[in-house]
Amino acid sequence: MTAQAPLLWFLGLRPEDRRLVQEAAGDGYECRVLAGADALTFALERGDDPLLLWLGSGMWRTLRARLPHTAEILQLIPTVLVLEENAERALLEQALDGHFQQLIRFPLDRQQVFDALSRAREVRNMYQDMERMAREIMMERELLERKSEVCAFLFQSMAGLDSAAHARDLIARCRRAMGEALSVETVHALWWGKGERTYCLLDAPEGTAEAEAWQGLLLERAAADGPAHAPMSLHCGDGKRLPRPEHTLLLPLEIRGRRCGLLALDMDRAPRLGRDLSQALDAVRRHLALVLWERSQDGEFFAALPSDSASSDASQERRLSV
């Protein structure tokens, strides 16, 4: 892809001055003559970006008198105003307040043209450097925000999983933590740990097609080195979504390289993870495996159903009331 040649505009410039600028600029510039104020307005509306506008003082006076709005817009364009040889003092004062990049008095010479072009390129390079720096700052800010979000995800996940009271609470906390960073709707897990007992933690109501489908998927994917015993199913939520392979992220639960379970994340859309989030998710799944390993011998951790807990609480309230 070839770089576009810098664009020079000529407006109200005498033919001999225009020829001098074109000769001094050479073939490295694209020169364009604007027929009048209407051509200038059209070029501005089209979004052209000239390196420099060479403007005759007679045309400038016309614009200020008849098209003041266009004359104000010229302040946004790098402009060289070419004054007459005997310009009046009032014109000079007005020109100094016109925010021109450079003022040149007739007659033009090649050195003046070289100086104007060099200054214009320096100014453009400076603005391009400023734009590059601004983009880099914005990119660094976005990167910092993403890393902050990942750190918050890690902190909330670790703290939440450690404080889970029982297996259902663990799945609920895992679902909430995953939902902060990913579009996770339900979380399911199969855990066989040391091989003594197997638990299937299903984020779906008992006796539903969804629960059976998720349990079947987990057992099928874990068939190679999975559990030796039939799993005890614990229903940890009321999710009503069937497995969708393209929206399901399956993660192994491992302890020191030994596979002890399987985690399934049911997502709203196909997972697309960046490097930082992938590393954080890997740390969370390892921590979840460690929590399950440590609690695998705790019978109360994998004990009563929520309905049993509710009935025990109700009976306790009745005893207290008596």
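I take buried to mean under 20% relative accessible area, and I keep in mind throughout that this is a predicted model.

**Helix α6.** I looked up α6 with that cut-off and found its buried residues to be V113, A116, L117, A120, V150, F153, S157, G160 and L161. The helix runs over residues 110-162, and its 53 residues reach 78 Å from the first C-alpha to the last, close to the 78 Å expected at 1.5 Å a residue. At its N-terminal end I noted a cap from D109, which places a side-chain oxygen 3.2 Å from the backbone nitrogen of Q111.

**The cores.** I then turned to the largest nonpolar core, which has 36 residues, and recorded M178, L201, L263, L265 and L292 as the members that touch the most others. Among the elements that each supply at least two residues of this core are α6, α7 (167-181), β10 (258-267) and α9 (275-295), and α9 gives the most, with 8 residues. Following M178 further, and leaving aside its neighbours within four places in sequence, I listed contacts with F153, V184, L263, L265, L281 and V284. I also noted a second, separate core of 21 residues, which includes W9, L63, A71 and L83.

**Cysteines.** How many disulfides does the count come to? I get 0 disulfides, where a pair would need its sulfur atoms within 2.5 Å. For C174 I can say why: its sulfur is 11 Å from the closest cysteine sulfur, in C236, and that is too far for a bond. I entered C174 as buried, because its relative accessibility is 1%, whereas C31 is partly exposed, with a relative accessible area of 27%.

Key:
Residues numbered from 1 in each chain as written. Predicted model: local features only at pLDDT ≥ 70, side-chain atom pairs only at ≥ 80, totals over all residues. Heavy atoms only, no water. Helix = DSSP H or I, 4+ residues; strand = E, 2+ residues; numbered from the N terminus. Expected span 1.5 Å × (residues − 1). Buried < 20%, exposed > 50% of the residue type's maximum accessible area, 1.4 Å probe, protein only. Polar contact = N/O pair within 3.5 Å; in protein donor to acceptor, adjacent residues only side chain to side chain. Core = buried A, V, L, I, M, F, W, Y, C linked by side-chain atoms within 4.5 Å. Contact = heavy atoms within 4.5 Å.
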